[in-house]
Number of protein chains: 2
Amino acid sequence: MSDRSWWGWGTNAAAVVGAEAEALVDRVASLVPGHDLTDHEPPDPRSLPVSASRVSPPAALAGLASDDVVDRLGHARGKSFRDVARNLAGDVGHVPDLVVRPRSEQDVVDVLDWCTRDAIAVVPYGGGSTVVAGVEPRFDGPVITLDMERLDQVLEIDTTSRAARIQAGVYGPALEDQLRPHSLTLRHFPQSFEFSTLGGWLATRAGGHFATLYTHIDDLTESLRVVTPAGVSESLRLPGSGAGPSPDRMFLGSEGALGVITEAWMRLQDRPRWKSTVSVAFDDFGKAVAGTRAIAQAGLYPTNCRLLDSGEAFLSAGTAVAGGLLVLAFESADHPVDAWLARALEIAAGHGGTVVGKVENTDAGAARASDGGAAGAWKSTFIRMPYQRDALARRSMILETFETACTWDRFEALHAAVMATAQEAIADICGGNGILTCRFTHVYPDGPAPYYGIYAAGSWGDSVAQWDEIKAAVSEVLTAHGATITHHHAVGRDHRPWYDRQRPDLFASALLAAKGTLDPAGILNPGIIV
Amino acid sequence: MSDRSWWGWGTNAAAVVGAEAEALVDRVASLVPGHDLTDHEPPDPRSLPVSASRVSPPAALAGLASDDVVDRLGHARGKSFRDVARNLAGDVGHVPDLVVRPRSEQDVVDVLDWCTRDAIAVVPYGGGSTVVAGVEPRFDGPVITLDMERLDQVLEIDTTSRAARIQAGVYGPALEDQLRPHSLTLRHFPQSFEFSTLGGWLATRAGGHFATLYTHIDDLTESLRVVTPAGVSESLRLPGSGAGPSPDRMFLGSEGALGVITEAWMRLQDRPRWKSTVSVAFDDFGKAVAGTRAIAQAGLYPTNCRLLDSGEAFLSAGTAVAGGLLVLAFESADHPVDAWLARALEIAAGHGGTVVGKVENTDAGAARASDGGAAGAWKSTFIRMPYQRDALARRSMILETFETACTWDRFEALHAAVMATAQEAIADICGGNGILTCRFTHVYPDGPAPYYGIYAAGSWGDSVAQWDEIKAAVSEVLTAHGATITHHHAVGRDHRPWYDRQRPDLFASALLAAKGTLDPAGILNPGIIV
């Protein structure tokens, strides 16, 4: 991955430039009139004041370690707006002393032994796509980043049970490439898919692209193998078990604070053959929410059930609707999904929903390539969005998202409060020059996962502080309404203050005690979780 | 529940007596010819050598406590075969010094404070239906049993999100009675339903009656409220969250060792309206397994997908099949399920399955009452079985079950080894006079949960030791094949030796550390889990 951007999303080659950049800037100029869209080039990383590495690896591990400044800078932060904006400003904060890339599990063991002995902090690193500062060594003292990218193999496939033993460092596309010849898929497609790893998904309880059922990485996990400073933990490979509290659920979401996940047996699926997608328009957002809830509670389990509010529908799917646009899809590897879709559309119609365009039906192995219409427009925006975000961050725009989940009964009040607070913050902080959108990324029978997008005119040099102020305001609203500080972006360092208030104190004590047994020297990702 | 049997299952009034007992004995006599079926009456509990209580509650708690001998004996054990057989033999083991019945959460807090102060062990107790000695104080020293039955109210119902806040001590029927007026159901029906509680289901990760999807109590849990000696822990009520490791998953399956669950917000469902049930016969067990697997992997999510081997089909459903009988059902509160069932039957037919009788369709609120045919016969046996077990235990029969889960690729070898080992044990220990059956209670895309039943001719006075020998032999086989020691019966004290070998050692250390923070005096259910 030599072409990876050190300061922003993905690869340098895929950056938004030329005509694409011009079109984007033109579009944004009309949305935030009067905003200064001067382009600020990223600094030359070799010109930045990065301290020399304070750490020397033992001879046996020296071949795994890199002290290259650009490598270190590229691993110092994740890919949130505030990470990108700080990088663009040449604001060098904490940078790991070394990037260490183990080639084997034994290398991981040896690195943890060395770092425990020498009191060096270790930040486990997957694809570095965190938007919550999960990999940023925001503390003093020596620290290495443990980049797992070389542990990238599917080691074993069980086609009978549809499961595979997979090394944690594999990136999404390479993982799917290794499963495809077996007609299997993990079918876990977070927005970060191209630049995130299995281990990262597991450590952060990633949400996946699909709206219902088997989409969370937690539910796709059969067993985990984890290296901790105290030794290696491996759970039995089981489809289900009631033997005590789940060992895997302790490591899922532990964000590198309890151990380094090296391998997992993951549940796979047959590659979908039938797929039907359609968009449904609503006049009224409240009715759209009610219709979406009814579908979520009907036991139909759509693949997508993604409600976009009118702003999101316009910006991302190019569709003008008064209330909301519900992107609805069903997929199956086993059977046509007509009966399922028909019933979902009946429910939507009962809440005032009108089909936009026609149902797109696919009966082929290549279902994923066929998206058209509003759903397709939405998907291409989804993949391209982080690159656009970077292009606009260079032009002083604040583009960021925040997400949560709550029960259906609380959504209306929560949503009203979030919208009011965020709009007020945009007014106060950005002179009102901004847009706020909402969509549901996931729907459960008992509640939605709302996801908000902010597009606001920042001021060059101040945009990080401006965003922090907006983010703090909305995080307070989430907390006051009993909504989670994160549904699938994880806690990291940025969500920690609210996480600490939302989490039961006794569970925090229990986790801290657990960490004490697994990582007695406290070297693993200090500041994370406990 | 004044009519509860102190020595066996359920109520005294529902015991198998008279003509039902005669018919049962006749049937068994033909299955285990030559077995001595002499009936042994249970002893008068007041004649048993139960030590006087060593514990005096503080005055403020005295009104909650009972030192009645029959009450204490009734709480000393669960309802496994070995519990019942020991009771019938008048073998008094460890008996709690007091049974304490809190009326409020504050009572629970006060009891834990008192017991922490005075170093008295506390066994949290739901319905006492454990078959793994989860409530048996198998240790010396003073101990009270904390019977939660008075905390039996549904406190709050959120019909929008379909969820309710429920006190943990409520029994299954009383819980459903309180939800029914709202057209809602928890839809969690373990075999113990009538004599088990919400808190017990949560503490033991109960499996529920249904074969796929939302059947495990884990997945029905929105949030938990738990009283520990260190304080009260309450999680946020959320449909989903990715904020660190799940707090609820630490308490789910903790079997009373980490705290006393007092309340939970539980996910509910609309009461099913459409239901279709049919049985499918297979000539060959291997083909039946393959067909069941294909249905489990098709994304159809049947309510039941219960494969009975020929012995189980004959004994429990009264149906003679050469290979296996698949009881297949679909239910919905929202839509007819014809399309789902039709596709499942197509898959079954592709594996040589033949429909037995006709599809039973129900379109009514009273779906549950309508079962007929093999499926209905199976269900009535299922409910009546524990009473029959008691009647036969009085007649020196060993009737017990064990259950597990494994991935599909391992099932064939595991099953062959379990059957061979158990049959050999029956031959060695019971002179070959016995029957062994298998069914799947749950099926997952990646594996089944096989459940085995043993009906063997024991010897009066020796049947507990005989069963223990059989159980140890099959537990070794499960462990050798990487299958879990328990899929839904929990660990308790009886499974502990194998659980300790199957669980990652580092997870055991982490749990022990967690317990140290929540229960520093170690009073909660000593010997359980850690």
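## The β5–β6 hairpin

In this predicted model, β5(A) and β6(A) make a hairpin with four residues between them. Arg162(A) sits in the turn and has a positive phi of about 55°. The strands here (E, at least two residues) are DSSP runs, as are the helices (H or I, at least four residues), and both are numbered from the N terminus.

β5 covers residues 154-158 of chain A and β6 covers residues 163-167. They run antiparallel and are joined by four bridges; for two strands to count as paired, DSSP has to find at least two bridges between them. Across the hairpin, Glu156(A) stands opposite Arg165(A) in β6(A).

## The sheet around it

The hairpin belongs to an open sheet of five strands in chain A, in the order β5-β6-β10-β8-β9, with antiparallel pairing. At the edges you'll find β5 and β9 (231-234) of chain A; each has a single partner strand, so one side of each is left without a neighbour in the sheet. From one strand to the next, the twist averages 10°, with axes being lines fitted to C-alpha atoms and angles running from 0 to 180 degrees between N-to-C directions.

## Two domains in chain A

Chain A splits into domain 1 (57-272) and domain 2 (274-364), with bounds that come from an automatic or database domain assignment. Taken over C-alpha atoms, the centres of the two are 34 Å apart. Their contact involves eight residues of domain 1 and twelve of domain 2, where contact means that the C-beta atoms, placed from the backbone, lie within 7 Å.

On the domain 1 side, the touching residues are four nonpolar, two polar and two charged. Nonpolar means Ala, Val, Leu, Ile, Met, Phe, Trp, Tyr, Cys and Pro, charged means Asp, Glu, Lys and Arg, and the others, Gly among them, are polar.

## Chain A meets chain B

Each chain puts 75 residues into the A–B contact. On the chain A side, helix α15 (residues 505-518) gives the largest share, ten residues. By class, that side has 31 nonpolar, 31 polar and 13 charged residues.

How are the two copies related? A turn of 180° with a shift of 0.0 Å along the axis lays chain A on chain B with an RMSD of 0.0 Å, which is the relation of a two-fold axis. The superposition is by least squares on C-alpha atoms of residues with pLDDT of at least 70 in both copies. Ala513(A) has the C-alpha nearest the axis in chain A, 2.6 Å from it. The same surface serves both copies, with 100% of the contact residues of chain A recurring in chain B.

## Conventions

Residues are numbered from 1 along each chain as its sequence is written, while chains are lettered from A and ligands numbered from 1 in the order in which they are written. Since this is a prediction, local features need pLDDT of at least 70 and side-chain atom pairs count only at pLDDT 80 or more, whereas totals for chains, interfaces and linings use all residues.

Terms used: Contact = placed C-beta atoms within 7 Å.
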